[in-house]
Structure formats: C-alpha cells, structure tokens
Amino acid sequence: MELLPLAQQVIFYLLAIVIVVCSILAVTTRRILRAATYLLFVLLSTAGIYFMLEYTFLGSVQIAVYAGGILVLFVFSILLTSKPGESTDEKGIKHRIMGLIAAIAGVAVCSYALFTYKWPEIAMRDVQSINDIGHALIGMEKFQYLLPFEAVSVLLLACIIGAIMIARKR
Amino acid sequence: MEYTLFILVLPLAMFLLLGLLDSKLKPRVAGILGTLGMTVCTALAYLTAFQFFTQPRNAEGIIPSQVPYNFEWLRFTENLHIDLGIYLDPISVMMLVVITTVSLMVHIYSLGYMHGEKGFQRYYAFLSLFSMSMLGLVVATNIFQMYIFWELVGVSSYLLIGFYYTKPAAIAASKKAFIVTRFADLGFLIGILILSFFTKTFDFVTLTTNPTAIITESAGATFLGCSVASWALALIFMGGAGKSAMFPLHIWLPDAMEGPTPVSALIHAATMVVAGVYLVARLFPVYCVTPEVLDLITTVGAVTALYAAIVACVQTDIKRVLAFSTISQIAFMMVALGVASDTDLHTGLGYMASMFHLFTHAMFKALLFLGAGAIIHAVHSNEMSEMGGLRKYMPITHITFLIACLAIAGIPPFSGFFSKDEILTAVMEKSTFWGIWMTAVAGLTAFYMFRLYFRIFWWKDTDCSHHTPHEAPATMTMPLIFLALVTCVAGFIPFGELVSVNGQPYHIHLNWSVAATSIIVAVCAIALAAWLYMKENKKPTAMANATRTLHTAAYRRFYIDEIYLFVTHKIIFGLICRPIAWFDRHIIDGTMDMFAHVTQWTSARIKGLQSGSIQGYVWILLIGTLLIATITICCCL
Amino acid sequence: MEIPMIYYIVLSLVMFFAGVYGFITRKNMLMMLISIELMLNAVDINFAVFNRFLFPEQMEGMIFSIFAIAIAAAETAIAIAIIINIYRHIRNIDADNLDDMKY
C-alpha cells in the first residue's frame, strides 16, 4: 500500500492529532461513557498507525480485539455500574497536580532521552506477508511461537471461565 | 499396729466426704458423720496408746518405738529422700491421745455451738482436715514429713480462723495468722535444709540416735560465731516459735480468736500451738548438742511467759485473756525444754515436765475455751463488762470453768499443779533466777485466771431484764464435764513412767519446797483477785488509774502490733517496697512501655505510606523511576 | 515512509503519560482501567514502531504486540468481572472506598 508522501504526512498528522486529543480527553472527561468513546477513537487511530507502518495484520487485530471486543466490554460494564449521564468524580486538586507533575516530568525525561539518543539509520524493507505471520505463530522453530500462542489461547479460555465465575450472580 | 494408719486416713476421708458433698448433706448428718469418724479415730488412738504403753520394755527399761509404716515418697539422691510414714514413740502416742480427745470433744461441742450456722458442713470438713494434718504432724517419721503436715495445719488454721469469711476482722486475722506463721516457717524450712545438708538425713531416728557424732562431724563449720548446727536448730526453733506464738511472733494468736470458739479451743489452745513445743521435743537430743540454742529457747520462753501474763491481766475480751494465757503456758513448756538436758533422768526432768504440761494444759485449756464458748453462746458477747453473776444461770459451766481455773493456777489436786510444779522444779534446779521469774509468772497466771473467773461468774448480779442467760445444751456441757473430769484426774497419771527424756521410767516425786512456794503464791494471787473482783467495786478502776501508763501499755499489748505495723508499713513497704515498686513501674515497665510507645508512634506516623491506594503507589513508583532516570542522565552528561 | 520514527514514539509517549495521569487522578475503577488500556496501547505502538524501523527484517515486535493485545483482552475481562462483583457488593466502584481490609 504505497501512499504519496504528502498524503502520508497528512494522514499521520491527522491520526496524531486524534490520538493526542482523544487520549487527553479520555482521561480528563467527567463522563465515563465519553471516556470510553474517546478511547475507541484512540484505539482506532492506533490501528491506523499500524496500517501506516504497513502492519496490516496487527492493525486488524487491534480493531477486532481492542476496538471491537474490549471496548464493548467496557461499554457494557459502564452501563451496568453507572447511571446514564452520571459524571464521575476526579480526585482532589492535590492529586490532579500530582498526576500532572508525574505526567509532565515523565514526558520531559523521556523526550530528553529520545531526542538525545542517536538512532541507527536502517534501510527500510518490505514487511513480511501475512503468510509469514501465520507460520511464525504456529511454527515450532526459532522465532516461531506455537507455545506462547497455545499458552495465550489457554489463558483466554481460563479468563473467560474466570470472568464468568467472578461476575455471575450467586 | 498397722491400724494406726486409719487414724490418719479416717479424718482425711471425712474431710473429702464432707468437703466434696458440702451442702448436699444435711448439716446434722454432716456433723454426726464427722463426729462419728472422730470417735472411731479416738478409739483407735486410745487402743494404740494402750498397746504401746503396755508392751514389754527392753533391757534398758525403754519402751521401744515403732515404725508401722514408712515408704519412700520422694528420692533426691542415694542418701537423701523424703519418706512418709508413722513413727510411734512415747511423745507421739501421747500427742495422738491429746489431739484425738480434744478434737472429739470439739466435734461434739460444735454440734451444739455451731448449730444453725451457715457453712456447718464446711466447718466439719475443715475440722477433719485439721485433725488429719495435726495427727500426721505428730506421727511424722522425718522432719520433712513434719514440715508438710506443719503447713497443712497452717492452712487449716487459716481456713478455720477465716470461717466467718464475711467478717472483715476474721479475714484480717486469718491472713495475719497465715503470714506470720509462714514467715516463721521460712526459718523452719531454711533450718531443715541446712540441717539435712550437713547431716544428709531427714529421719528423726537417725538424727536423734547419735546426734553428737552427726552434728560435730558434719556441721563443724561456724558462721557468725556459732556453729552451723546451732544456726540450723535456731532457725528450726523459729518455725516452732511462730506456730507456738512465742514472743515476738505471737501477734497472730490473739487475733486468731476471731474464729469460732471451738476452733480456738482445738487449734489455738490445745493442739496446733503446741506443735512448736512438740518440734523441739522431737529434736530434743539434737538440741542438747547445742546448749546455746537451748539457752535461747529458755530466754524466749521466759520473756514470752511474763509478757503474755502481764498482758492477760488487763484484757477485757475473755477470749483474748485465754489467748494470752495460752501463749504464757506454752512459754512455760518451752522454758521447761530449754532448761532440760539429756544427760540423765534428773537433769532431763524439764523434758518430761514440758510434755506433761502439754498434756494437762491441752485438757484444761480446751475446757476453758469451751467454757468460754458456752458463756459467749449465752450472753452473745466477748466482753467481760457484759458478764457477771453468771454462776446462778450456768451451774455446769461455772463448776467446770472453776476446775480449769484452779488447774491452770496450780492448785492441788488438779492436773495443772503437778505439771507446773515439775516445770518450776526443773527450772529452779537449772537457774534460780529463771526459777523465781517463772514462779512469779505462775502467780500472775493465777491472778489473771481468777480475775477472769470472778468477772464472769461473780462481780455483779445481772439484772437480766431483757435476756436471761441459760445453760448450754447437753452437746456442749458433756464435753465440758468430760474434760473437767480429765483435769481432775490427769495429775495422778504416772506420766514420768511413760514419757521421759531417755525413755527410762521416771518416778515423779513432788519437790515440796518448790510446790509449797508455788501454792502459796497462787493462793495469794487468787486472794488478791477475789479481793478485787469478787464484788462489784471501784478498786480495779482505781488501780488502773494509778498505773495508767503501764495499764494502757499492757492493754495495747505493749504496742507490739503497732511496732510490727510500723516496721512493715513504714520501713519495709515505705522504704524498700515502694522504691522497688516505683523502679519496677517507672524504669522497668517504663522501658518496655517506651519501646511499645516508640514503635506505636513510628507506625502511626508512617502507616500513611502504606495507604492501600494503588494510585499513590504508582505515583511514587513513577517519580522514583523518573528520579533515577534523571540522575542517570545527569551522570552521563 | 517519510515520517521519522521519533514522531511515532513521541505520539506513544503522549498517550502513555495521558494514561499515567488518568490512572493517578481518577477514582472510578473503570476509568483507571481505561487509563491502563491507553498505556498498554502506547506500549504496543512502541513495539511495532521499533520493530518496523530498527529491525525491519524481523517481526518479533509485532508478534509481541499481538500477544499483548490478547493478554490485555484477558486482563480486561477479569478486571471488569471483579469490578462488577464489587459493584454488586458495595454499589460503588470508587477505588477510595475499597478500604475494608485496610489496617
């Protein structure tokens, strides 16, 4: 999927603006359902980022699992635990300042580290096909991940059962 | 004579039966059961005495002692072990008779005296316990068994003094008795330990057969100028002095009169208080090795005798008078033991006299107490001033009381005369000074006893407007009559034939010079008492006013109790205990409290850190990480 | 691929610290969970970006992101089950109120 450089830049900036704005809105809005919605935008934009990186499989997984699955869970649980239109309290001003300090300090330190680091220049290559990904996920050789794959599948099964066990009415 | 075991087992069984069933039994049933048990016990004791004293004497003319039972109870080392057993020799058999007789009389008497009291069954259970312990004490084969029963006797005395446990005075008295005698028993125990450490034995037979060898070869070491053996024996005597209420450990006995009167008769007049005398008599051959301790015993005894006699002259509570009289009479026995020695029959007269006086005194003092009980029962008061002219209303009590008074005053032919005469003779032969001293005390005895007698039975004619005193019921008068009979005839028992210092028969003969002196002194004292107290008059008050200081001092028992209170409260509590308590509370506890407080304070201060709020944790984690990152970056610059 | 790598990373950095801010300041547990999702997402982006720009011939980063997404799904399911359970008990899902077992 080759895009024109300008189109690429435009799309990237668009996605970047959506991600930054929605992230910040998601954590600052008082309406929890809106927060979930902003999260959805963030996740979808992230999928867009993956597409831009040409990781189409990852992008589709992101949309399917995150935006499709997890967010639905969120919305349901929000509807279960709060009344419509109810706004959630934030903590006091002290905590907000603390959080702000932590966030800004973190951004500052990490940005400094990122911008002072000499990143190696590596020639771009084409990404692997979805075929390779499939082989990698269910192969048993080096750089192949059958065992983690199975482990994750068992984990998901266990977590389905566990979630039912925990959340069911007694 | 295997049946002697039952003399001990029966009262114990009675104690368990009555004590465990307690209010399940009807009071009357409990009383009769206890009395029956004691009757069997008494019969067995008499049988024992009969068989023992009629058995053939050996070649030296000594009645052989017997040990029907002896089993090892506690073995410490190869040589040192504590046995329990029964040891029969003349004095223990004599004591068996005395104890069972008096105990039986008290059992019968209490049926009437304690009638209708709350805790009647408990009372009889305690009486049985006491009888068992006292009998066990006298038949002990070794000094440690004696100590065990000694303490049991103390416990039962405590229980019986505090029988009216709702009365504060009774509780205080029982505690006082227990603590004072315990304090003395501490000396006893230390004495036993020292003695057995050096002699390697507890056994009476081993100790007394050849005491000189044992003592001199094993306890030759000296301590503060006296041999260790002397110290041990003096400490053992301290235990005896505590139980026998010798000055200055006598303070508990007058207060012990808070108990029921029959108990006073049994425990605090006839049996338990002579345990000290019995202890010294039991170890007498050992004491003879250390004459300085015997001198100590003589001195303590003589001082006690005079002190108690003077105090008895001014007391107004009739039981207190009798209590001090008991102290004085026991002191007589102690003095007699102190002046005796075991070299031959003649110098050992004091030993025999002491035991004889123990025997006769037990009878007539029990009689006096039981008589006093009958009087108290009739007038409902202990105070002399409430009495007077009772002879018309209580003829039996009057006659028996008079007999007892004559006996204790030393008028022939009553038993007290013979035994006291022997004591005075023995003392006179040893030392004229103590002889005259003791004769004077005997005169005082006659005076205060007849003061008591006249004040109770003569003095004035009671107006009897509201309450007529009446003679006690038969259960109470019967023991009085029996004891009065014993008092009349006991003097003629050939006591010296049965009990003497080395076991050989000793024929009592009256020393008429001593006897005549003491009779004259006693008669004069009685006459003085009669002149002062026969009819109501102002002379006693005038005399008391004339010697106000002395009278008050004697009435307050020469302030011995106050001195004890001062020493314990002001000196021991105030100067020693209180600083120690302060140190304990503020320094030792304070240190521990400080640790606790500091820990608590610190934890209270820092527990906010462990808030449980995961957001706080995350914040700290993040800031920490960022700090480390910053520092790393700064270092790399 | 004219967009430099650092742009992507800064993007994820902002997203990550937005999540941190939300996690620290919000009381509601669902909001905390949303913040966590944000952080996880930022990390996923980083994996993918590093993989794509620094090790283009391999795909470990991407695979790792896939696993991370799967595990995030599992974690979210369990967390939401617990939150609903708590809500049933105390009718409230504020983290500050969950102090019954605190000292």
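**Exercise 1. Determine what share of chain B is buried, and describe the chain's secondary structure and contacts.**

Step 1. In this predicted model, chain B has 637 residues, of which 52% count as buried.

Step 2. Turning to secondary structure, chain B contains 26 helices and four strands.

Step 3. Taking the contacts of chain B with a separation of 6 or more, one finds that 79% are made by residues 24 or more positions apart.

**Exercise 2. Give the corresponding description of chain C.**

Step 1. Chain C has 103 residues, and buried residues make up 51% of them.

Step 2. Three helices and zero strands are assigned to chain C, and the pattern read along its sequence is α-α-α.

Step 3. Where contacts in chain C link residues at least 6 apart in sequence, 46% of them join residues at least 24 apart.

**Exercise 3. Work out how many residues of chain A and of chain C are in contact, and which elements of chain A contribute to that interface.**

Step 1. On the side of chain A there are 72 residues in contact with 62 residues of chain C.

Step 2. The elements of chain A that give two or more residues to this side are helix H1 (5–28), helix H2 (32–52), helix H3 (56–81), helix H4 (93–116), helix H5 (130–138) and helix H6 (146–167).

Step 3. H3(A) provides the largest share, namely 13 residues.

Step 4. Sorted by class, the side of chain A that touches chain C holds 51 nonpolar, 15 polar and six charged residues.

**Exercise 4. Describe the contact between chain B and chain C in the same terms.**

Step 1. Here eight residues of chain B are in contact with seven residues of chain C.

Step 2. The side of chain B that touches chain C is made up, by class, of four nonpolar, three polar and one charged residues.

**Exercise 5. Check the span of H1(A), then establish which of its residues are buried and what they pack against.**

Step 1. H1(A) has 24 residues, so at 1.5 Å a residue it should span 34 Å, and this agrees with its end C-alpha atoms, which are 34 Å apart.

Step 2. The buried residues in this helix are Leu15(A), Ile19(A), Cys22(A), Ser23(A), Ala26(A) and Val27(A).

Step 3. To read that list, recall that an α-helix has 3.6 residues a turn, so residues three or four places apart point the same way.

Step 4. The buried residues of H1(A) pack against H2 of chain A, and also against helix H1 (5–25) and helix H2 (29–54) of chain C.

How values were computed:
Residues are numbered from 1 along each chain as its sequence is written. Chains are lettered from A and ligands numbered from 1 in the order in which they are written. This is a predicted model: local features need pLDDT of at least 70, side-chain atom pairs count only at pLDDT 80 or more; totals for chains, interfaces and linings use all residues. Two residues are in contact if their C-beta atoms, placed from the backbone, lie within 7 Å. Ala, Val, Leu, Ile, Met, Phe, Trp, Tyr, Cys and Pro count as nonpolar, Asp, Glu, Lys and Arg as charged, and the others, Gly among them, as polar. A residue is buried if 20 or more other C-beta atoms lie within 10 Å of its own, exposed if 12 or fewer, and partly exposed in between; C-beta atoms are placed from the backbone. The expected span of a helix is 1.5 Å times one less than its number of residues.
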